[in-house]
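Student: I have a structure that is new to me, and I should like to understand the terms used to describe it. May we go through them in turn?

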Amino acid sequence: MRERVEVSSGLRLRRWAPADAGAVLAAFAEPVMSRQSAEPVVTLPAARRWLASRAEQWDAGSGFAFAVVDGADVVRGHVAVGAVDRRHGTGWVSYWTTAAARGRGVASGGCRAVAAWAFEDAGLFRLELGHRVDNRASCAVARAAGFAVEGIQRRRLEYDGVRYDVELHARLATDPESAARTAEAGGGGPGRSLPAL
């Protein structure tokens, strides 16, 4: 399986590396990122553990995480296919971007690229993702990446004692490649890319 994937506009996906610990720590310093990890990533050792977990999942074939980097190899975001179920050929897509990269198509481009990679390299058939219904930017990313809305999961997530509905999106290997471009042209463009959940 490829560990590097060209995206577009000078962006590419590459497998996370131990040397990215500083970039991970900087990304997680933003308060909105606190929901993106089971363990708070507030120290360099925590960032190293986050990276080690991504590497372990990759080696086990249960999840595949990529840094989204620019031409200078500066980390601009993260896209991943996790919860891989080989029996059913499914996976769960997640993404986030650094504060400086939001609104620049990093998340939507990364999601399109990781979906193509998951279908071609990982042999998956169905990819799912979800976002809180109040996270319109994440919805725009999903639509721009060709993920169709499938429904609402009522009160699925709880943060700080508040339960949130989640909108579920999915993309199939048999969906036309043009669906992602059509969604972007139809107003689902990059927007302000916030973390997926």
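The dialogue below concerns helix packing, nonpolar cores and strand pairing in this predicted model.

Student: What makes helix 1 roughly perpendicular to helix 2?

Tutor: Helix 1, residues 21-28, and helix 2, residues 44-60, pack at an angle of about 105°, with their axes 8 Å apart. Angles of 65 to 115 degrees count as roughly perpendicular, and therefore helix 1 is described as roughly perpendicular to helix 2.

Student: Which residues of the two helices meet?

Tutor: From helix 1, Ala 21, Gly 22, Val 24, Leu 25 and Phe 28 take part, and they meet Leu 44, Ala 47, Arg 48, Trp 50 and Leu 51 of helix 2. The residues of this contact divide into 8 nonpolar, 1 polar and 1 charged. Gly counts as polar and Arg as charged, so Gly 22 is the polar residue and Arg 48 the charged one.

Student: What makes a set of residues a nonpolar core?

Tutor: The residues must be buried, of nonpolar kinds such as Val, Leu and Tyr, and joined through side-chain atoms within 4.5 Å. The largest such core here has 31 residues, and those with the most contacts inside it are Leu 13, Val 93, Tyr 95 and Leu 127. Its largest share, 9 residues, comes from helix 3. A second, separate core of 16 residues includes Phe 28, Val 41, Ala 47 and Ala 80.

Student: Which residues does Leu 13 touch?

Tutor: Leaving aside residues up to four places away in sequence, Leu 13 touches several residues, among them Val 5, Phe 66, Val 68, Val 79 and Ala 113.

Student: Why is strand 3 called mostly covered?

Tutor: A residue is buried when its relative accessible area is under 20%. In strand 3, 6 of its 6 residues are buried, so the strand is called mostly covered. Phe 64, Phe 66 and Val 68 point one way, while Ala 65, Ala 67 and Val 69 point the other way. In a regular strand the side chains alternate between the two faces of the sheet.

Student: How do you know that strand 3 pairs with strand 2 and with strand 4?

Tutor: Two strands pair if there are at least two bridges between them. Strand 2 and strand 3 have 4 bridges, in the antiparallel sense, and Arg 15 stands opposite Phe 66. Strand 3 and strand 4 have 6 bridges, also in the antiparallel sense, and Val 68 stands opposite Gly 77. Both counts satisfy the requirement, and therefore both are called pairs.

Terms used: Residues are numbered from 1 along each chain as its sequence is written. This is a predicted model: local features need pLDDT of at least 70, side-chain atom pairs count only at pLDDT 80 or more; totals for chains, interfaces and linings use all residues. Side-chain values use heavy atoms; hydrogens and water are left out. Axes are lines fitted to C-alpha atoms, for helices over the stretch in contact, and angles run from 0 to 180 degrees between N-to-C directions. Angles under 35 degrees count as roughly parallel, over 145 as roughly antiparallel, 65 to 115 as roughly perpendicular and the rest as oblique. Contact means heavy atoms within 4.5 Å. Buried means under 20% relative accessible area, exposed over 50%, partly exposed in between (1.4 Å probe, protein chains only).
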